[in-house]
Amino acid sequence: MAEAHQAVGFEFTVRPEGLDYKLSREVIKNIYVSGVTTWKKRAIQFKNGVLAGVYPASPSSWLIVVIAIMSSLYIRVDPSLGMIDSIKENLPGRNLMSMQTRKVLSAILFATGLWLFLIYLLRYILKALLSYHGWIFESHGKMSSSTKVWLNLVKMFSGRRPLLYSFQASLPRLPVPSVDDTIHRYLESVRPLLDNEQYGQMETLANDFKNSSAPQLQRYLSLKSWWGANYVSDWWEEYIYLRGRSPIMVNSNFYVMDLLYVTPTHRQAARAGNVVHAMLQYRRKLERGEHAPLRALGIVPMCSNQMERMFNTTRLPGVETDIVQHLTDRKHLVVYHKGRFFQLWLYTGGRHLSPSEFETQFQRILNDTTAPQPGELKLAALTAGNRVPWAQARMKYFSRGVNKVSLDAVESAAFFLTLDEEAQGYDPAKTGSLDGYAKSLLHGKCYDRWFDKSFTLISYTNGKVGVNAEHSWADAPIIGHMWEYVLATDCFHLGYTEEGHCKGDTNKGLPYPTRLQWQIPKECRETIERSHVFAKQIADDVDFHGCLFNEFGKGLIKKSRTSPDAFIQMALQLAQFRDQGVFCLTYESSMTRMFREGRTETVRSCTSEAVAFVRAMQDGETTNAQRLALFREAADKHQNMYRLAMTGAGIDRHLFCLYIMSKYLGLDSPFLKQVLSEPWKLSTSQTPQQQLNLVDINKFPKYVGAGGGFGPVADDGYGVSYIIVGENLITFHISSKFSSPDTDSFRFGQNIRRAMLDIQGLFEPAIHKSEERRKQTGLENGKKDI
């Protein structure tokens, strides 16, 4: 067979006089090209590592400093104030060197030390500048003179052409808020949710904590903040994610959808080929650190630390805690189709497979008619069930032999790909198409996604794609960054032929993807089936509704001089009250990536101001003017809380770390126990869009993503993810549980729609007046021109 011939590197025969072998020229050539490519890649990584390591300076600046010092010596000026002479007298082996050599070497050493000192000085100045956050609290469109000066200084000290990790050493540490501020803000956040008696009890607990164990816990936490890069992130990853023993499917993992309106090709293998190739292009730039760092206002850098583990990463199960395994430069992919696992090599001759070559390989897998091995069909259900049975099964059945080899292939793969057997995607002609698409991405059949991988790419039969992502290693904006790059590259750079195939020639001589082999005993198959049954109960209980709100969007909201996020959060509070008849503790995710190794903080959206506004909306005797005034107070309060969270003054991560510290010290705190046990019945998150600005959505309005979502956090609550798409569309991904008699995702979606329209109605007179004033101004300007 042709593929068998290509797979053989050399042939040999054994003869009485010795060994006779023939080398394959083609394979030797491929080995040579692969080696050259590897060393070239290492050289680029080393170069970029040096560039990022000396940033904001550059290697060429070292030469400038050396030349300047050497020149000063020749005009008999000593800028070192005698340090060069001191170095000259203390050089090791100075007796073996001439006076001139010692002088030159001493000058170079001094120049190098001065250069390093200047680099650290520049970094310290930039870190001090980035510790200023006053700009974020200023009104939109109104920038103070001090902020303008600050922005210019940040630009000046930021250098030119930064790489992905150039700013990491200059990012400030996440500050530890004061206990007094945290407790004050906590009590303020729960006041609208408690009656007078309950609030009095909570206030007593808080004061007891503040006056007893809080100072000791705070001192240790402050020490940790100075010793570690971030006082929250390591504990957050370990205790919130890795130590959880319940299934990560639905409870932790999240999903991201494809383009909403456009499907570039309806050929499954072709779409998967382009997308995988685009992902490898992204990974190559990521490993070399060549992506531009994200920057707020285009100036203030965000931490890029989470991006390091995007590829070649797997969450490994443990009996007590999981671990995140990250490898480097994996050269293969594992593909799942109809219960079979295939290993596919990503390189040939030292380069990535082309899109057309990937299409060929994926089509070969789709055409493969072999049956799954015993236990292979639902094997991935182990990653969907409880963590302890999976950890025990992994140690008992997958620690040796062919099972270990195959499992290592899965866990060390660049990522996991499922060639799904269904067609999914948004179809306006089909009711509930977005709901089914969301559920498929979130849990599928509970055994056709490897939920432990950093992400699973899912390719559907109609050409649609999507991603299921494990949450411990990073947050949604990180996956979103990669996904925007992939979709833009797929549609606008790689493209397809008129027949829908990938562009380019196909190498028919590629070795076929290889089947992974498994020997799964009956006892293990029983464990797999139990995990599947348990996971399916969770999946079947998820009630999902995708809501496309296109009555208006960000454009109209901005005309009312309101933050779109605050507008939506107030609408969610109104919808929640109308749906449940009560207010609840509300979680909104905010990022803290302006700090080194920052992840997220919580914004508690249900404030006293929000409650007052909602009650006014439900009160028929309140005028629209009064409602509008209350809305503005609530929106301003929310915006201020969001800004506090982004700048390290949130309350929930601080309380979480105080609780972990109390556990380490063996201190009992009823207050912290109460805080950490409170359920989030409404959990919300905004999915970021246009992080890279690779597609002009005004010019290509159909090329917009549908966003992503997550499962319900509380048994009797809602999970709501939303994405503000362009100027005229907002998508909501709403989840709850069928088992709860009090929740209904479709009903909640209808309440959100009605709340959005009701709030917008408050602004119509003001917007109308503003439009009339703008038109009148335009007419007057026209008369003046005439």
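In this predicted model, eight strands come together as an open sheet. Reading across, the order is β15-β9-β8-β12-β13-β14-β3-β20, and the pairing is mixed. The two ends of that row are β15 (514-515) and β20 (708-710), each of which has a single partner strand, so one side of each goes without a neighbour in the sheet.

Let's move in from the edges. Strand β12 covers residues 416-419 and strand β13 covers residues 455-459; the two run parallel and are joined by four bridges. If you want a spot to put your finger on, take L419, which sits opposite S459 in β13. Now look at what lies against the sheet: helix α14 (residues 401-411) packs on it and touches β8, β9 and β12. The direction of α14 makes about 105° with that of β8.

Next, have a look at the loop between β8 (332-337) and β9 (340-345), where you'll find K338. K338 isn't a glycine, yet its phi is positive, near 50°. Is K338 buried or exposed? Neither label quite fits: with a relative accessible area of 44%, K338 is partly exposed.

L297 makes a good companion to that residue. It, too, has a positive phi, of about 60°, without being a glycine. You'll find L297 in the loop between β4 (295-296) and β5 (300-301). Its relative accessible area is 53%, so L297 counts as exposed, the cut-off for that label being over 50%.

That leaves the cysteines. How many disulfides does a search of the whole structure find? Zero. Take C446: it is in no disulfide, and the nearest cysteine sulfur, in C524, is 18 Å away. C446 is also buried, with a relative accessible area of just 2%.

C584 is another one to check. Why is there no bond between C584 and C606? A disulfide is a covalent bond between the sulfur atoms of two cysteines, and here a pair counts as one when the sulfurs are within 2.5 Å. The closest cysteine sulfur to that of C584 belongs to C606, and because it is 6.5 Å away, it is too far for a bond. As for its surroundings, C584 has 6% relative accessibility and so counts as buried.

Definitions and conventions. Residues numbered from 1 in each chain as written. Predicted model: local features only at pLDDT ≥ 70, side-chain atom pairs only at ≥ 80, totals over all residues. Heavy atoms only, no water. Buried < 20%, exposed > 50% of the residue type's maximum accessible area, 1.4 Å probe, protein only. Pairing = 2+ DSSP bridges. Contact = heavy atoms within 4.5 Å. Axes fitted to C-alpha atoms, helices over the stretch in contact; angles between N-to-C directions.
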